[in-house]
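Reader: I would like to understand how the words used for side chains are justified. Could you take me through some of them with care?

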Amino acid sequence: MTELTEEQVRSELELVLERRSADTRLTTMGAGSDDLEDGRQYLAGTVDGGWHVPTWPHEHGGRGASPSQNALIGRLLREFIVPDLYPFAIGLGMVGPALLAHGTQKQQDDWLRPIASGSSIWCQMFSEPEAGSDLANVALKADRDGDEWVLSGQKTWTSRAMWADWAICLARTDPGQPKHKGLTMFALPIDTPGVDVRPLTQMNRDAHFSEVFVENARALDAWRIGDIGEGWRVAMTVLAHERAGGGSRGGGDGNARGIRVPGWISDLRDLGVAEDRLWQNEVVKIYSHDGVSRWTSQRAADEARASGAPGPAGSGAKLRSVKSYKDRAYLSNRSAGCYGMLSDGHGYIETMTAPSMSIRGGTDEIQRNILGERVLGLPGEPRLDRDVPWNESRRGLL
Ligand SMILES: Cc1cc2nc3c(=O)[nH]c(=O)nc-3n(C[C@H](O)[C@H](O)[C@H](O)COP(=O)(O)OP(=O)(O)OC[C@H]3O[C@@H](n4cnc5c(N)ncnc54)[C@H](O)[C@@H]3O)c2cc1C
């Protein structure tokens, strides 16, 4: 790809996107929003230029951009209105990069462009009632039947399942192997007979994640992602991209930084908070931390893309971005005083959403375990069931 200049990118983006103004306010991370249309229109409008997933190959909705071009495009995109892409985030940020790393050519040809153009939404069916932090213990089973697999079991906390067209689903294909080894990854259309999605309501009143019951649902072997028994490796790629913030941009006001004063600071200014020296001090601290958090996520995502083997950097990035989100939410909420307790109060939805940030995508404790063991070289925690055949382990015997 030839060199890109700021002027070129800006003028091309101007053809397809509306510029952000000081008054632009957008929702963040799906909190309080069920709008799919804005995101769909944005992705459909940017896919031909490869603007939203610039590092993907052109034929799949990217533009084969280098990391520096990707960073330039990301920076300039923040001058434009990018809607909340929460409904599309699993496909764009996690499934897409995993397909580029582990998918067959046909899978990439069939699935990537619909993801990039917003015409297909994916969800992530990993967690189960007894397998969250200890994800390798998933019990949903897949039995081979000719060219098909028959899946049965239960997933939970499946975000976006009620909007999704496809799920990426981690299943146990060989219970006689130790827990990490008997797993295989599948793609599964969410409307497959035998798949029942039941939304759960969160404390921020969104019903964006679901329990998913699966009973004798049939998946083609052609939908298997990676080799049989290699599901853990694929899952690790997906999770590392989730922690690093994904291979694409999120969108929403929460991610708007750089050229102009971010929306959340303008909101504080409107509330009169920004005039107080003590509040100013807090705002600038959070703003700085947020910048570092963004660069850390970018670095982790670039490293993951460049090495094809995502490392623990994503855990550090996730811890930082969670802290950033929480600090911002709590500051907004506190600045509203007693009105912050009202459900239409400033920062209320973000405050109610904030605790979940420490859980989704792997809890803070699990990220610290990863950093402790893989970065600091601390002794690993006891893992008694690691080498035991899964069907002889406590979970397998349940
Ligand atoms: C808003 C939201 C969206 C989600 N979306 C999805 C999704 O789309 N798809 C999906 O598959 N999952 C999703 N999840 C599930 C999420 O990944 C799990 O909730 C998370 O991994 C924790 O698992 P758990 O809830 O089973 O808690 P548990 O694993 O039971 O953990 C309970 C507590 O014990 C701590 N703990 C557990 N093990 C250790 C350990 N070894 N060392 C120290 N502390 C430990 C945990 O940190 C936690 O505090 C979502 C969760 C939330 C809240």
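Author: In this predicted model, Trp111, Trp122, Trp166 and Trp223 form one aromatic cluster, and the structure holds 7 aromatic pairs.

Reader: Why is the pair of Trp166 and Trp223 called edge-to-face?

Author: The centres of Trp166 and Trp223 are 5.4 Å apart, with 90° between the planes; because rings pair if their centres lie within 6.5 Å, and planes over 60 degrees apart count as edge-to-face, both conditions are met.

Reader: What makes this pair tie together parts that are 57 residues apart in sequence?

Author: Trp166 belongs to strand β4 (residues 166-172), whereas Trp223 lies in the loop between β7 (209-220) and β8 (224-225), so the pair links these two parts. Trp166 and Trp223 are both buried as well.

Reader: How do you know that the charged end of Arg160 sits over the ring of Tyr86?

Author: The charged end of Arg160 is 3.9 Å from the centre of the Tyr86 ring, and the cut-off for this distance is 6 Å, with a further condition that the charge be within 35 degrees of the ring normal. The charged end of Arg198 likewise sits over the ring of Phe213, at 4.1 Å from its centre.

Reader: Why is Gln124 called buried?

Author: Gln124, found in strand β1 (residues 122-125), has a relative accessible area of 13%, and because buried means under 20%, the word applies. Leaving aside neighbours within four places in sequence, Gln124 is in contact with residues including Ile90, Met94, Thr158 and Ile168.

Terms used
Residues numbered from 1 in each chain as written. Predicted model: local features only at pLDDT ≥ 70, side-chain atom pairs only at ≥ 80, totals over all residues. Heavy atoms only, no water. Phe/Tyr/Trp six-rings, centres within 6.5 Å; stacked < 30°, edge-to-face > 60°. Helix = DSSP H or I, 4+ residues; strand = E, 2+ residues; numbered from the N terminus. Buried < 20%, exposed > 50% of the residue type's maximum accessible area, 1.4 Å probe, protein only. Contact = heavy atoms within 4.5 Å.
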